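New to this one? Here is a short tour, going from the overall picture down to a few residues worth finding in the viewer.

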Amino acid sequence: MQAESDAENAAGGGAARANGTPVAPVAPVTPVVPAVGVGPGPNGDTAASGTAASGAETARSRRFPSITRDTARPEGSGRAVPGAVSTPARQWPMLSVLTATAVGLLTTALGHPRVGCLIIGVALLAASVMRRLLPSVGMLAVRSRFTDMITYGLLGVAITLLALVMPKPLLHIPFMEDVVRFTVR
């Protein structure tokens with residue numbers, strides 16, 4: 001019995017329900033690729049690529065296409081200021097964080113590591129706050145708003161704590177000496 005129904009399916013007869021009534025085979029739906037351009041194809045015809053030659057409408061698939069044609073616009077790709085303003089002024093959130101970080105690195109290089117690390121940590125905390133409060137931050141937005149806030153915030157807190165527990169600590173955290181001893185030494 002099973003061999004007969006398998007043979008029927010292979011021959012194109014279709015599947016049968018348990019009561020013996022035939023079920024029409026379902027043709028797989030192929031995704032429709034929108035035509036990029038209309039022009040002569042490789043055979044010299046002028047049909048648009050990705051469309052049926054007969055002009056019949058085919059159902060669109062809800063699947064993602066196997067070949068992507070473009071990238072999605074990132075969330076933070078908008079400008080922080082209207083387009084009539086120069087580019088540096090439009091990217092002021094990113095430039096302010098980069099400037100503060102450069103000042104922190106310069107301060108560290110000039111022999112004041114605690115102050116330099118504090119400036120860098122505060123710059124990252126400010127980036128987290130700007131990402132949360134401002135509707136558009138330009139290139140400061142890398143990922144989703146939540147992910148950027150958490151990333152900038154955690155890095156800012158970590159660098160600030162590092163600055164506060166450096167040798168001759170300003171902040172005494174009881175377990176920090178053990179953490180440093182087991183991770184660095």
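Let's start with the outside. The accessible surface of this protein comes to about 13800 Å², and carbon and sulfur atoms hold 66% of that. Keep in mind that you're looking at a predicted model. Of the 185 residues in the protein, 18% are buried.

What is the chain built from? You'll find six helices and two strands. Reading from the N terminus, the order is α-β-β-α-α-α-α-α. As for how the chain meets itself, take the contacts with a separation of 6 or more: 47% of them are between residues 24 or more positions apart.

**Helix α4**

Now pick out helix α4, which covers residues 113-133. Does its length come out as expected, or not? With 21 residues at 1.5 Å a residue, α4 should span 30 Å, and its end C-alpha atoms are indeed 30 Å apart, so the two agree.

A good number of residues in α4 are buried, among them Cys-117, Ile-120, Leu-124, Ala-127 and Met-130. Small residues such as Gly-116, Gly-121 and Ala-123 are on that list too, and so are Arg-114 and Arg-131. What covers them? The cover includes α3 (92-109) and α5.

**Helix α5 and its two ends**

Helix α5 runs over residues 145-164, and Thr-160 sits in it. Is Thr-160 buried or exposed? Its relative accessibility is 15%, so it counts as buried; the cut-off for buried is under 20%. A polar atom of the Thr-160 side chain lies 2.7 Å from the backbone oxygen of Gly-156. If you set aside neighbours within four places in sequence, Thr-160 is in contact with Leu-118, Gly-121, Val-122 and Leu-125. Gly-121, you may recall, is one of the buried residues of α4.

Phe-146 is also in helix α5, but its surroundings tell another story. With a relative accessible area of 60%, Phe-146 is exposed. Together with Ile-150 and Leu-154, Phe-146 makes a nonpolar surface patch of about 340 Å².

**A charged trio**

Side chains of opposite charge can pair when their charged atoms come close. How many salt bridges does the structure hold? There are two, and here they are:

| Salt bridge | Closest N and O atoms |
|---|---|
| Arg-131 with Asp-148 | 2.9 Å |
| Asp-148 with Arg-143 | 2.9 Å |

Arg-131 and Asp-148 form a salt bridge, and this pair links distant parts of the chain: Arg-131 is in helix α4 and Asp-148 in helix α5, 17 residues apart.

How open are the partners to the outside? Arg-131 has a relative accessible area of 2%, so it is buried. Asp-148 counts as buried because its relative accessibility is 0%. Arg-143, at 40% relative accessibility, counts as partly exposed. Through their shared partners, the salt bridges join Arg-131, Arg-143 and Asp-148 into one network.

To see it all together, show α4 with α5, which is part of the cover over the buried residues of α4. Then add Arg-131 and Asp-148, the salt-bridged pair with one residue in each of these two helices.

Conventions:
Residues are numbered from 1 along each chain as its sequence is written. This is a predicted model: local features need pLDDT of at least 70, side-chain atom pairs count only at pLDDT 80 or more; totals for chains, interfaces and linings use all residues. Side-chain values use heavy atoms; hydrogens and water are left out. Helices (H or I, at least four residues) and strands (E, at least two) are DSSP runs, numbered from the N terminus. Buried means under 20% relative accessible area, exposed over 50%, partly exposed in between (1.4 Å probe, protein chains only). Contact means heavy atoms within 4.5 Å. Accessible areas come from the Shrake-Rupley method with a 1.4 Å probe; for residues, only the protein chains shown count as cover. A polar contact is a pair of N or O atoms within 3.5 Å; within protein, one must be able to donate a hydrogen and the other to accept it, and residues adjacent in sequence count only if both atoms are side-chain atoms. Patches are made of residues with over 30% relative accessible area and no salt bridge: like charges are joined within 9 Å, nonpolar side chains (Val, Leu, Ile, Met, Phe, Trp, Tyr) within 5 Å. A salt bridge is a side-chain nitrogen of Lys or Arg within 4 Å of a carboxyl oxygen of Asp or Glu. The expected span of a helix is 1.5 Å times one less than its number of residues.
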